Each structure stands twice: as structure tokens, then as C-alpha cells.
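Colleague: Before adopting the terms used for this model, I should like to hear the reasoning behind them. May we go through them in turn?

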Amino acid sequence: MFDLDLWREIFQSINMNRTRSLLSGFTVAFAILLFTILFGIANGLQNTFKEAFVDDASNSIVVNSGRTTKANKGLQAGRKIQFKNEDFNYIKEEFKDKVEFITARVFKNVKASYKGEQNNYDLRAVHPDHQFLEKTKVYEGRYINQNDLNNRTKVIVIGKLIEEDLFLKTNALGKYINLNGIQYKVVGIFTDDGGDYEERQIYMPITTAQHLYGNNDYIDQVRLTYNPEMNYDQALSFSTLLTKKMKDRFDVARSDQRAIRVRNMAGDSKKINQMTFGLSVIILVIGFGTLIAGIVGVSNIMIFIVKERTKEIGIRKALGASPRSIVSIILIESILITAIAGYVGLLLGMGVLELVGPSLKTYFIKDPGVSNSLVIGATVTLITAGAIAGYLPAKKASRIKPIVALRND
Amino acid sequence: MLKIHQLQKSYPIGDSSLHVLKGIDLNVEEGEMVAIMGSSGSGKSTLLNIIGMLDEADSGEYILDGLPIKDLTEKKAAVYRNKFLGFIFQSFNLINYKNAIENVALPLYYQGLKRKERQELAMFHLEKVGLANWAKHLPKELSGGQKQRVAIARALAANPKLLLADEPTGALDTKTSYEIMAFIQQLNDEGKTILMVTHEEDIANMCKRIVRLRDGVIMEDKKVNQVRAEQYV
């Protein structure tokens with residue numbers, strides 16, 4: 001099958017007509033360059049979307065409290081609802097088999113200082129399950145555990161950026177930080193995909209915070225993840241039931257939207273999935289559009305090339321070239337030009353993405369780039385594209401009558 | 001060698017058709033050197049194209065070396081052209097991006113010969129036309145006479161039974177024309193059968209037989225005393 005002489009013929013033809021070959025390659029290279037950049041940017045957008053929502057577990061449910069807006073059971077509107085430890089325990093017991101992880105949260109803002117450095121940080125006092133809900137990645141030391149809760153130990157887990165802020169590149173693990181006048185031991189350091197804001201958080205055992213900062217058993221928020229075996233509808237009916245029970249527990253009117261607020265991420269993640277799907281479809285449509293434009297471009301130039309080479313093809317036929325050999329010459333030349341030019345475009349595109357990628361973060365484009373599977377896919381597509389682009393002109397060339405081609409003009 | 005009987009050909013022009021060949025009878029023996037003459041529109045080029053299998057007749061017989069040429073597929077026509085015929089054109093028709101030796105080797109490539117054999121054979125034929133030193137030159141670096149000699153070497157490369165020349169001296173000055181004719185005569189002396197279209201009397205007189213066409217029929221077919229071209233060179 002491999003015919004060295006045929007390839008020699010083709011390389012000679014490409015080499016001897018450099019301008020022509022470059023010109024036809026340029027269209028494809030440009031199309032692929034555009035495609036790669038578009039694809040990379042779209043990928044970057046997708047990454048940003050995903051990141052904005054992967055911060056927390058996608059099966060999260062958040063329960064918040066506020067003030068009542070309606071009078072109910074003889075109680076006035078405007079009453080403040082305050083969750084306590086007993087409410088947390090109630091949810092935990094009542095929905096035992098539907099809950100995967102559960103934690104309460106108490107929010108505080110603290111002034112933290114270590115040696116000369118100081119800064120203000122948000123603090124979350126939590127249960128151990130919080131680590132899984134927030135997807136906190138502890139890379140040094142440990143997270144809050146049940147023992148800390150039982151003993152109300154003065155320990156904290158800090159984000160990577162706090163370590164950088166306060167400890168100036170020295171290790172924070174085991175050191176003591178002063179938070180609003182009380183010394184806490186750093187037992188763990190973490191990173192979080194949620195970004196800088198999440199990495200400037202301090203975690204503390206909830207019992208310690210309740211004891212030291214208010215001496216009460218108040219809770220600001222309850223977070224939980226539902227059993228992942230539940231489907232979307234089951235998850236929604238679970239959160240509806242949870243809302244109803246909590247409203248009854250606090251004598252809140254069923255129609256009151258403010259007093260007890262339950263947010264189920266299941267609804268959000270469905271929307272995100274739809275959005276990423278929509279985005280993928282748009283990328284594909286644009287990508288194929290550019291590619292088709294490229295194919296048409298090459299096809300056009302190949303037709304022109306065949307026209308330009310009419311005489312040469314006529315001579316070859318007069319000398320005994322079979323129609324098949326003419327088709328192979330044009331077809332392989334087309335495939336070769338398309339594939340090489342396409343690859344140049346792909347590499348250029350990847351280079352551009354690599355170069356400008358970091359500076360695009362401001363425009364919600366994170367880590368733009370193309371995957372290996374896309375490169376393989378592009379190779380196959382390019383060869384097919386070259387074949388499609390070359391087929392019609394090649395067929396046309398094989399039908400050239402030598403007598404017409406050789407007519408003296 | 002070549003037998004043609006009642007050959008007819010017409011071309012459609014708009015709604016009507018132009019009757020170009022109106023029944024040609026022609027026999028050419030091996031070793032002959034025939035000039036086909038006629039004014040433009042007489043059908044001489046059409047006749048040569050049909051003999052060269054570049055065009056097909058509407059009706060009539062054409063037998064080349066005992067082989068009837070009829071209803072050829074493109075593939076078969078290509079094989080026959082390659083095996084039996086050598087073409088020499090007025091405008092040389094060399095491939096401009098191939099050098100002299102590559103041009104000469106092209107018919108051998110289509111015969112399926114190995115690269116080394118092609119090179120050797122092509123070089124042999126280039127030597128024969130006296131252009132061995134110009135083997136690596138591109139056509140644009142050669143003079144008109146040299147180009148035509150490369151084209152003749154190419155026509156000879158596949159060792160064809162019949163050489164077809166369409167106004168081989170049409171694009172050359174008189175002196176170069178006689179040089180080329182001297183060379184063609186020499187080929188004929190060696191036994192090659194040659195068929196040539198021309199409208200120049202002096203060139204025609206350098207052949208051994210003149211066939212005159214007018215309006216698609218043969219007006220005259222006579223043997224002539226060959227004028228040797230060497231004496232003018």
C-alpha cells in the first residue's frame with residue numbers, strides 16, 4: 001500500500017509550489033487556531049462555573065433562620081427565630097436515615113494576631129462533619145474532632161492563606177494564635193477549591209465558641225447533606241418535609257418565607273448541569289462551524305490548484321497516468337496540507353492559551369486549555385476534513401481530458 | 001502498423017454539430033514518416049488526437065498494431081498511451097517544477113519501473129538527445145530547442161511503437177526547427193514510425209509521405225523525396 005514514489009511526487013509538488021501550499025494551509029491553520037482558542041476559553045468558563053459551585057458538596061441543604069413575617073398561633077410577626085443545640089439534635093435524630101453528614105455553624109469575626117502580624121478573619125465554629133460538607137482539604141495536622149467538642153478545647157484549623165499572612169512562610173502547625181485575646185493552638189492547615197475567601201477561614205469546635213463567646217447554646221445555621229442514594233425528587237421532598245417540621249417546631253406559619261429558610265442545592269446543581277450542557281453544545285456548534293469554514297476554504301483552494309494544474313494533469317494523463325493515480329496525488333496532498341496546517345494551528349492555539357490564560361482569570365475564565373482527547377479527536381477530524389476537502393477537486397482532476405488540457409492557448 | 005477505416009467525428013456546437021472528420025481512410029506501415037497537412041479547421045489535429053487516444057471517434061475503425069482501439073475505459077486508454085505512444089507537442093508540455101531527467105522519467109514512473117531503472121533509462125535517453133549535462137536543469141533554464149529535445153527524450157523513454165508529433169517545430173525558429181527535424185529524421189532512420197501534424201511545407205517535405213486534409217477528407221496522399229534536414233544545420 002505504501003508507495004514511496006507517490007509520496008516523493010507529492011512532496012515534490014508541495015515543495016515546488018510553496019506559496020500555494022502555504023496559502024491553502026493558512027486557512028486551515030487559522031480555522032483550527034480560532035477553534036482551539038474558542039474551545040479553550042469555553043473550557044475556562046466551564047471551569048469557573050464548576051468551581052463556583054463545587055466549593056460545597058452538591059447534595060447540600062442549608063437551614064437558616066430569620067424573623068417571622070406573619071402572626072401565627074397567637075404569636076406576633078417580627079419574632080426572631082433562634083436555633084439551639086436541641087434543634088440540631090432534633091434534625092439529626094428525626095431524619096437519621098436521610099442525612100449523610102450534618103453540622104451546625106456559629107459565625108464570628110475575630111482579630112487574629114501572631115507575634116507582630118495581625119488581621120481580621122471570619123471564623124466558623126462547627127461540628128467535625130463540616131469538613132465533608134465544605135470539602136475542606138487538611139494537608140497538615142488534623143481537623144476538628146469529637147474529642148475537641150466534648151472537651152471544648154481551644155484549638156483551631158486555619159486556611160493556607162492565614163498561615164501565609166500571619167506566619168510569613170514559617171510553619172503554623174502547633175503554634176498559638178491570639179483570637180480576640182484568647183490563645184488557640186493551630187492543629188491543622190487546609191486548602192479549599194472555593195478560592196481565597198475560603199482559604200482565609202478559621203474553624204473552631206462549636207462547643208468552644210458557644211462557651212467562650214456567649215456562654216449559650218445558640219446556632220446560626222444548620223448544614224447537612226442528604227443521603228446520596230436519594231434521587232432529585234426524593235431530595236426535594238425531603239427538604240420540603242424538613243421545612244414543614246421546622247416551621248411547626250417554631251410555631252411559624254407554613255406560608256412564612258422568612259422565618260425558616262431551607263435551601264436545597266439539588267435544584268442548583270441541576271441548573272448547573274443544564275448550563276454546562278448548554279455551553280458544551282454551543283462550543284460544539286461553533287467548533288464545527290469554524291471547521292466547516294476551514295474545509296470549504298481548503299476545498300476552494302484545492303479546486304483552484306486543480307485548475308492551475310490542469311495542464312500538468314493533462315500531460316501526466318497523456319504519458320499514461322491512470323485516473324486513480326491522479327486522485328491519490330490530489331487527495332493525499334490535500335490531507336497532508338490540512339493535517340500539517342491544522343496541527344500548526346492547534347499548537348499555536350495552545351500556545352496562545354498558555355500565554356494569555358493566566359491573565360484571563362479576571363474575566364471568569366480559569367485554566368483555559370484543551371484536553372488530550374481533543375487533540376486526538378482533532379487529528380482524526382483533520383484527516384477526515386482533508387479527505388472531504390480534497391475529494392471533489394480530486395474527482396474533478398481525474399475527469400480532466402488531456403485533449404482539453406493540452407490545447408494550445 | 002496503423003489502420004484507419006471510415007473514421008468519422010463531429011463536435012456539437014450549440015444546437016447544431018460540426019462535422020470535422022468525414023470518413024478518413026489511412027494506412028501507415030512500420031518505419032514510415034508521415035506528415036499530415038492542412039489549413040486550420042481541416043481536422044488534422046482531431047485526427048492526431050484520435051490516433052493518440054486522447055479523443056474518440058464517433059464511428060469507423062482504428063487498429064493500432066493489430067489491436068482494435070474502441071470503447072476504451074480511461075484506465076485502459078492510459079495503459080495503451082503509456083505502452084504504445086510517444087507524444088511531442090508544439091508547446092513542449094514539460095512539467096515546470098520537474099527537472100529534465102525527472103520529466104523524462106515520468107512515463108517510466110507510470111509504467112511502474114523502479115526508481116533506479118527509471119533514472120538509468122532516462123539518463124540514457126537524455127544522452128541520446130545530447131542533453132546529459134542538463135539533466136538537473138528545470139525547463140525554464142533551457143532554450144526552446146533544448147526543451148523540445150527533452151520532450152522528445154520523454155516521448156522515447158517508454159519505447160513506444162508510434163511517435164506522434166503535433167506541430168513539433170511550431171514554437172521554434174527556423175534554425176532550431178531544422179535541428180529538431182534532423183533529430184526526428186535520425187529516429188526514423190533507426191526504425192521509429194513517426195506521424196506528424198504540420199502546416200509548414202518545408203517541414204512536411206522532410207517527411208517521406210504527405211497526407212493533405214481539407215474539410216475533413218483526405219485530398220491527397222503521396223510519397224515524397226525526403227529532404228534531409230542536416231544540410232541546413
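The discussion below concerns a predicted model.

Colleague: Why is A:His127 called buried?

Modeller: Its relative accessible area is 12%. Buried means under 20%, so A:His127 is buried.

Colleague: Where does A:His127 lie, and which residues is A:His127 in contact with?

Modeller: A:His127 lies in the loop between β4 (117–126) and α4 (130–134) of chain A. Leaving aside neighbours within four places in sequence, its contacts include A:Phe88, A:Ile102, A:Tyr143 and A:Ile206. A:Thr103 is also in contact with A:His127; the C-alpha atoms of these two residues, 24 residues apart along the chain, are separated by 5.0 Å.

Colleague: What makes α1(A) oblique to α11(A)?

Modeller: Helix α1 (residues 4–16) of chain A and α11(A) pack at an angle of about 60 degrees, and their axes are 10 Å apart. Roughly parallel requires an angle under 35 degrees, and roughly perpendicular begins at 65. The angle of about 60 degrees falls in neither range, so α1(A) is oblique to α11(A). The crossing of the two helices is right-handed.

Colleague: Which residues of α1(A) and α11(A) meet, and of which class are they?

Modeller: Among them, A:Leu6, A:Trp7 and A:Phe11 belong to α1(A), while A:Ile329, A:Ile332 and A:Leu336 belong to α11(A). By class, this contact has nine nonpolar, two polar and two charged residues.

Colleague: How many residues has the largest nonpolar core, and which have the most contacts inside it?

Modeller: This core has 72 residues, and those with the most contacts inside it include B:Leu2, B:Ile51 and B:Leu195. Helix α11 (residues 323–356) of chain A supplies the largest share, nine residues.

How values were computed. Residues are numbered from 1 along each chain as its sequence is written. Chains are lettered from A and ligands numbered from 1 in the order in which they are written. This is a predicted model: local features need pLDDT of at least 70, side-chain atom pairs count only at pLDDT 80 or more; totals for chains, interfaces and linings use all residues. Side-chain values use heavy atoms; hydrogens and water are left out. A nonpolar core is a set of buried Ala, Val, Leu, Ile, Met, Phe, Trp, Tyr and Cys residues joined through side-chain atoms within 4.5 Å. Buried means under 20% relative accessible area, exposed over 50%, partly exposed in between (1.4 Å probe, protein chains only). Helices (H or I, at least four residues) and strands (E, at least two) are DSSP runs, numbered from the N terminus. Axes are lines fitted to C-alpha atoms, for helices over the stretch in contact, and angles run from 0 to 180 degrees between N-to-C directions. Angles under 35 degrees count as roughly parallel, over 145 as roughly antiparallel, 65 to 115 as roughly perpendicular and the rest as oblique. A crossing is left-handed if the near helix is turned anticlockwise from the far one by less than a right angle, and right-handed if clockwise. Contact means heavy atoms within 4.5 Å. Ala, Val, Leu, Ile, Met, Phe, Trp, Tyr, Cys and Pro count as nonpolar, Asp, Glu, Lys and Arg as charged, and the others, Gly among them, as polar.
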